[in-house]
Amino acid sequence: MPSSITGAHGEVVLPEGSVDWEVEVVAVLGRTLHRASPQEAVAALAGVTVGQDLSERDRQLRGPAPQFGLAKSFPGFSPIGPWAVTLDDAPPLDDLALGCAVDGEVVQDGTTAKLLYPIARAIAELSQVLTFSPGDLVFTGTPDGVGMALDPPRFLRPGQTLTTWVTGVGRMEHRLVTG
């Protein structure tokens, strides 16, 4: 939800539950896009930025049906920034290095080459149903290393600092606090 978007630096209030990290490249649409091919999807991008797709896993997995969008929509759960980089100034979309660290410990370190779907394909697939408008943002997926998948699972706590980066695009830093 738009109310979950916040800037690249500052505080994020953690609700009760199991809040997890997900570094992502965020695609910024530069023009209207509908029923596009992957090549058309890339041509429609104004650029990319850094994103952190925070997720409260208890709410996300509470049933009878999972609530993926709702659990990612708390205020401040979608930090982006600090700027958008045009594709001619960014490294290739299919090999962007991205990661995040909790209190300086790297917990995610990957590349977009290892995502389930290449960024262009993901946007093209979404455009088969959605009509994108200029300025729309698309969180494009996360590499391995989310806290829920660790053994034992690990989640964010108040007082920690979450640093998120995409090499050649930007870096964010957030202090996690209680509400």
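Three exercises follow on the pockets, a sheet and one residue of this predicted model.

**Exercise 1. The two pockets**

Characterise the largest pocket and the second largest pocket by volume, lining and residue classes.

*Solution.*

Step 1. Start with the volume of the largest pocket, which is about 460 Å³. Its lining has 17 residues, and M1, S78, L137, V138 and F139 are the closest to the centre.

Step 2. Assign the lining to elements. Strand β10 (residues 137-139) gives the largest share, three residues.

Step 3. Sort the lining of the largest pocket by class: nine residues are nonpolar, five are polar and three are charged.

Step 4. Turn to the second largest pocket, with about 360 Å³ of space. Among the 17 residues that line the second largest pocket, those closest to its centre are L115, L116, Y117, G141 and T142.

Step 5. Find the elements behind this second lining. At least two residues come from each of β9 (105-111), α4 (119-127) and β10.

Step 6. Sort again. The lining of the second largest pocket holds eight nonpolar, five polar and four charged residues.

**Exercise 2. The open sheet**

Work out the strand order of the five-stranded open sheet, then identify its edges.

*Solution.*

Step 1. Write down the order: β2-β12-β11-β8-β9. The pairing in this sheet is mixed.

Step 2. Look for strands with a single partner. β2 (9-14) and β9 each have just one partner strand, so one side of each has no neighbour in the sheet. These two strands are the edges.

Step 3. Add the twist. From one strand to the next it averages 20 degrees.

Step 4. Recall how strands are held together. Strands of a sheet pair through backbone hydrogen bonds, parallel or antiparallel.

Step 5. Examine the pair at the β2 edge. β2 runs parallel to strand β12 (residues 170-178), with six bridges between them. Within β12, R175 is the bridge partner of E11.

**Exercise 3. Residue T163**

Decide whether T163 is buried or exposed, then list its contacts beyond four places in sequence.

*Solution.*

Step 1. Locate the residue. T163 belongs to strand β11 (residues 161-166).

Step 2. Apply the cut-off. Buried means under 20% relative accessible area. T163 has 10%, so T163 is buried.

Step 3. Collect the contacts. With neighbours within four places left aside, T163 touches G99, C100, A101, R171, M172 and E173.

Step 4. Take one contact further. T163 and E173 lie ten residues apart in sequence. Their C-alpha atoms are 4.4 Å apart in space.

Notes:
Residues are numbered from 1 along each chain as its sequence is written. This is a predicted model: local features need pLDDT of at least 70, side-chain atom pairs count only at pLDDT 80 or more; totals for chains, interfaces and linings use all residues. Side-chain values use heavy atoms; hydrogens and water are left out. On a 1 Å grid over the protein atoms alone, a cavity is a set of points where a 1.4 Å probe fits but cannot get out, and a pocket is an open set with protein on both sides within 12 Å along at least five of seven lines; lining residues have an atom within 4 Å of a point. Grid points are joined across faces, edges and corners, and a volume is the space filled by probe spheres set on the points. Helices (H or I, at least four residues) and strands (E, at least two) are DSSP runs, numbered from the N terminus. Ala, Val, Leu, Ile, Met, Phe, Trp, Tyr, Cys and Pro count as nonpolar, Asp, Glu, Lys and Arg as charged, and the others, Gly among them, as polar. Two strands pair if DSSP finds at least two bridges between them. Axes are lines fitted to C-alpha atoms, for helices over the stretch in contact, and angles run from 0 to 180 degrees between N-to-C directions. Buried means under 20% relative accessible area, exposed over 50%, partly exposed in between (1.4 Å probe, protein chains only). Contact means heavy atoms within 4.5 Å.
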